[in-house]
Amino acid sequence: MTTTDRTTAELADTVKRIWRHSFQAELDSALDQRLRAQALVGVKAALEAALLEELLTAREAAIASLADATRLPNHLYLSGSYSRQVHTLYGTLPDLRMPKLRAGNRTREWHILTRYQRTMPQLLDRMCYLYTLGLSLRDLQEGMYLILGTVLSRQAVNRVTLAAQTPMDAWRVQPIADTPPVLLVDGVWVTIQYPTSETWTDRSGHQRRRVRAQERVVLAVMGVWPDGRHALIHYTIATTEDTAAWQQVGQELRDRGLDHTAVQMVVSDGTKGLQSAMKQHLPKARLQRCTVHKVRGMTRYLHYQNGADTAPATDAPPTPEECHQQRRTAISTAALEIFQAPTQSEAEQRLAAFVATWAPLEPKAVKTFQRGIKHCFTFYQCAVNLHPLVRSTNLLERFFREFRAKADEIGAFPNEDSCLTVFHLVMVREHAKHDRMSIAKTG
């Protein structure tokens with residue numbers, strides 16, 4: 001028994017044990033097998049009938065094009081069938097009969113099943129859906145065993161992400177027909193494995209290229225339209241969030257048809273290099289600093305020494321950590337309320353009151369908060385209904401949380417294509433979940 005066979009057998013035993021101890025009682029084994037077999041009989045018959053109908057339709061079209069021929073060409077005669085294994089939603093068909101003609105079978109393009117396809121598209125789609133929900137490849141192996149009654153290899157399951165790579169590649173170059181006036185930009189860090197010049201020998205004696213995990217950042221751009229619609233419109237991998245990286249993002253957006261004169265505002269967490277890139281590619285856009293990051297950055301400079309925090313009356317006095325938490329909450333809440341003002345003039349009044357109250361208690365933190373504060377008021381150029389959407393990068397951060405959950409489960413992506421494909425799968429699911437598919441297509 002090979003290592004692969006032993007692993008497959010162990011996984012099958014594990015799934016059976018988990019099902020037996022964790023869920024409802026199993027049907028009688030013989031009855032279970034009979035029900036599965038009867039279901040597959042119907043599936044097999046339906047598939048074989050559909051395949052034969054597809055072949056006959058193509059054959060009739062070929063005959064019609066030979067109307068002047070006095071005798072049917074030899075290659076258009078039916079010539080039995082050959083067997084192939086196919087995985088379906090209802091189980092595995094070990095001997096599906098594929099009809100054939102006397103010639104031309106190798107070059108024929110099938111629509112129901114492509115020549116080397118071993119898994120029905122509907123099953124791949126459902127596996128892809130579960131993968132984006134957070135299931136690991138091993139989890140999918142377990143799930144597919146419950147459906148198919150056989151264990152798929154990790155290589156077969158991994159084709160789930162490969163199946164999504166083609167539409168992902170097409171989406172990333174699709175023209176942007178409707179330029180949003182507001183862009184939210186940010187990056188999420190990931191770990192990707194890259195090949196090195198070193199090699200090693202596996203158990204079978206094969207030479208393998210040694211890989212080394214490296215940190216990379218996925219730079220993402222989300223668009224916000226005047227009616228409140230919002231969706232991701234672009235993403236790419238870079239080594240760092242510097243000026244060159246953001247200039248590349250700007251160039252890629254313009255190459256895809258983004259109207260740089262229509263972008264009025266760019267929302268960022270203050271990443272370095274972005275402003276230089278904006279001057280080159282988005283000359284009419286103004287910078288909006290993320291208000292949440294601004295407040296979060298201020299709290300790092302709290303020293304908790306001046307004044308006394310008001311604590312609820314309790315039998316035991318609050319601990320130092322509880323006092324610190326009370327102050328962080330109080331000053332953060334007061335700072336965030338500044339940006340919830342309906343107008344900029346009122347926000348500036350709230351800022352003045354905030355400084356008067358908190359500067360004597362936390363001078364360093366308040367000084368840090370005031371630095372560059374004017375960029376936090378840019379969102380007031382937008383309509384009031386857009387203020388909650390564009391005064392911070394929260395919309396993008398929420399999506400990053402979904403992606404990080406999947407990235408953390410994977411650990412290190414095997415290559416950049418794998419990383420981008422998973423990012424795309426999570427994006428498509430998020431857009432569909434919130435009914436944003438029309439703008440997710442960008443065109």
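## Strand pairing around β3

Two strands count as paired if DSSP finds at least two bridges between them. The model described here is predicted. In this model, strand β3 is joined to strand β6 (residues 265-268) by three bridges, and the two strands run parallel. One point of contact can be named: Val182 stands opposite Met265 in β6.

Strand β3 also pairs with strand β4 (residues 207-224), through 17 bridges, and here the strands run antiparallel. Within this pairing, Val190 has Arg216 of β4 opposite to it. β3 and β4 form a hairpin, with five residues between the two strands. The turn contains Gly205, whose phi is positive, about 85°.

Leu184 is another residue of strand β3. Is Leu184 buried or exposed? Its relative accessible area is 0%, so Leu184 is buried. The C-alpha atoms of Leu184 and Gly223 are 6.3 Å apart in space, while 39 residues separate the two in sequence.

## The cavity

How many cavities of 30 Å³ or more does the structure hold? There is one cavity of that size. The largest cavity contains about 110 Å³ of space.

The lining of the largest cavity is made of 13 residues. Those that lie nearest the centre are Trp246, Val249, Gly250, Leu274 and Leu282. Three elements give two or more residues to this lining: β3 (182-201), α6 (243-255) and α7 (274-281). Strand β3, already described for its pairing with β4 and β6, is therefore also part of the cavity wall under the rule that lining residues have an atom within 4 Å of a cavity point. By residue type, the lining divides into 11 nonpolar residues, two polar residues and no charged ones.

## Aromatic rings

A pair of aromatic rings is described by two values, the distance of the centres and the angle of the planes. The structure has 11 aromatic pairs. In one of them, the rings of Phe399 and Phe400 have their centres 6.3 Å apart. The planes of Phe399 and Phe400 stand at 55°, so this pair is tilted; an angle over 60 degrees would have made it edge-to-face. Phe399 has a relative accessibility of 5% and counts as buried. Phe400 counts as buried too, at 0%.

Phe403 and Phe423 make an edge-to-face pair, with 4.9 Å from centre to centre and 65° between the planes. This pair links distant parts of the chain, 20 residues apart: Phe403 belongs to helix α13 (residues 394-410) and Phe423 to helix α14 (residues 416-433). Both Phe403 and Phe423 are buried.

Which residues form the aromatic cluster? The cluster consists of Trp171, Tyr235, Phe399, Phe400, Phe403, Phe413 and Phe423. One of these, Trp171, has Arg256 over its face, at 5.3 Å from the ring centre.

## A positive phi at Tyr304

Most residues other than glycine have a negative phi. Tyr304 is not a glycine, yet its phi is positive, about 60°.

Where does Tyr304 lie? Tyr304 is placed in the loop between α8 (291-299) and α9 (320-338). The relative accessible area of Tyr304 is 22%, which makes this residue partly exposed, because the buried class ends at 20%.

## Two further positions

Met298 is found in helix α8. With a relative accessibility of 0%, Met298 counts as buried. Met298 and Ala335 are 37 residues apart in sequence, and their C-alpha atoms are 9.5 Å apart in space.

Gly104 is found in the loop between β2 (91-101) and α3 (121-132). Gly104 has 40% relative accessibility and so counts as partly exposed; a residue must be over 50% to count as exposed. Along the chain, Gly104 and Leu76 are 28 residues apart, and a distance of 8.8 Å separates their C-alpha atoms.

Key. Residues numbered from 1 in each chain as written. Predicted model: local features only at pLDDT ≥ 70, side-chain atom pairs only at ≥ 80, totals over all residues. Heavy atoms only, no water. 1 Å grid on protein atoms, 1.4 Å probe; cavity = no way out; pocket = protein on both sides within 12 Å on 5 of 7 lines; lining within 4 Å. Points joined across faces, edges and corners; volume = space filled by probe spheres on them. Nonpolar A, V, L, I, M, F, W, Y, C, P; charged D, E, K, R; others polar. Phe/Tyr/Trp six-rings, centres within 6.5 Å; stacked < 30°, edge-to-face > 60°. Buried < 20%, exposed > 50% of the residue type's maximum accessible area, 1.4 Å probe, protein only. Lys NZ or Arg CZ within 6 Å of the ring centre and 35° of its normal.
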